[in-house]
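Work through the exercises below with the sequence and the 3D structure in view. Each task is followed by a solution in steps.

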Amino acid sequence: MIMRTIIEQRLAKLKELQQKGIEPYSYRFEQTHHSVDIKAKFESLGSSETMVRVAGRLMSKRPHGKSCFGHVRDLEGDIQIYFKYDDLGERFEMLDLIDVGDVIGVEGTVFKTRTGEITIGVRDYQLLTKAIRPMPEKWHGLRDRETRYRQRYVDLAFNMDVREV
């Protein structure tokens, strides 16, 4: 029953996106860097205000008033992203329609937070794919052996060590 309501909520968000003229299944996004590249080249990217473009699955989303932190997982790893109302304006309100599990593309500059995590300060973003079904629980991961074997795509999307093998 809970799964049905989550799917219904996501379908309602999809319909709202379409009514606002936003195509939730984009055709193309030109990616310039991967998360591993950004972390390896932080010294040059962070000091030069170079714009980077990264695409991946939104793995977490933590709103804090007029800012929002999250993590994007691309083919090579995870990187933290930071949405700020001052940088995005009206587009910041559209973040309510984006859920964990959606595939997004972000563009912005690289900086380091107070806690020392390398982060992309998002200047623009694009919804590439709207996920209708929710991701497995974050903290415990995908533990059900039956699901792991029958739904391999979920296991590969969620568990980095399985993807490496």
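**Exercise 1. Find the bridge partners of R57.**

Solution. In strand 4, R57 has V103 as its bridge partner. In strand 2, the partner of R57 is R73. Strands here are DSSP runs of E with at least two residues, and helices are runs of H or I with at least four residues, both numbered from the N terminus. This is a predicted model, in which local features need pLDDT of at least 70, side-chain atom pairs count only at pLDDT 80 or more, and totals for chains, interfaces and linings use all residues. Residues are numbered from 1 along each chain as its sequence is written, and side-chain values use heavy atoms, with hydrogens and water left out.

**Exercise 2. Trace the strand pairings and state what they form.**

Solution. Two strands count as paired if DSSP finds at least two bridges between them.

- Step 1. Strand 1 (residues 51-64) runs antiparallel to strand 4 (residues 103-112), and seven bridges join them.
- Step 2. Strand 1 also pairs with strand 2 (residues 67-73), again in the antiparallel sense and over seven bridges. These two strands form a hairpin with two residues between them, and G65 in the turn has a positive phi of about 70°.
- Step 3. Strand 2 is joined in turn to strand 3 (residues 78-84) by seven bridges, and this pair is antiparallel. Within it, G70 has I81 of strand 3 as its bridge partner.
- Step 4. Five strands make a closed barrel in the order 1-2-3-5-4, with mixed pairing. From one strand to the next the twist averages 55°, where axes are lines fitted to C-alpha atoms (for helices over the stretch in contact) and angles run from 0 to 180 degrees between N-to-C directions.

**Exercise 3. Is S67 buried or exposed, and which residues does S67 contact?**

Solution.

- Step 1. Place the residue: S67 lies in strand 2.
- Step 2. Apply the cut-offs: buried is under 20% relative accessible area, exposed is over 50%, and partly exposed is in between (1.4 Å probe, protein chains only). S67 has 12% relative accessibility, so S67 counts as buried.
- Step 3. List the contacts (heavy atoms within 4.5 Å). With neighbours within four places in sequence left aside, S67 touches R62, Y82, F83, K84 and F92.

**Exercise 4. Examine the salt bridges and identify a network among them.**

Solution. A salt bridge is a side-chain nitrogen of Lys or Arg within 4 Å of a carboxyl oxygen of Asp or Glu.

- Step 1. Take the total: the whole structure has 10 salt bridges.
- Step 2. One of them joins the side chains of D99 and K13, at 2.5 Å from N to O. Because D99 lies in the loop between helix 4 (85-88) and strand 4 while K13 is in helix 1 (residues 2-19), the pair ties together parts that are 86 residues apart in sequence. D99 is buried at 10% relative accessibility, and K13 is partly exposed at 22%.
- Step 3. Another pair is E30 and R28, whose side chains meet at 2.5 Å, N to O. E30 is partly exposed, with a relative accessible area of 45%, and R28 is exposed, with 58%.
- Step 4. K130 forms a salt bridge with D102, and their closest N and O atoms are 3.0 Å apart. K130 is in the loop between strand 5 (118-129) and helix 5 (145-150), D102 is in the loop between helix 4 and strand 4, and the two are 28 residues apart. Both K130 and D102 are buried.
- Step 5. Connect the pairs: salt bridges that share partners join R10, K13, D99, D102 and K130 into one network.
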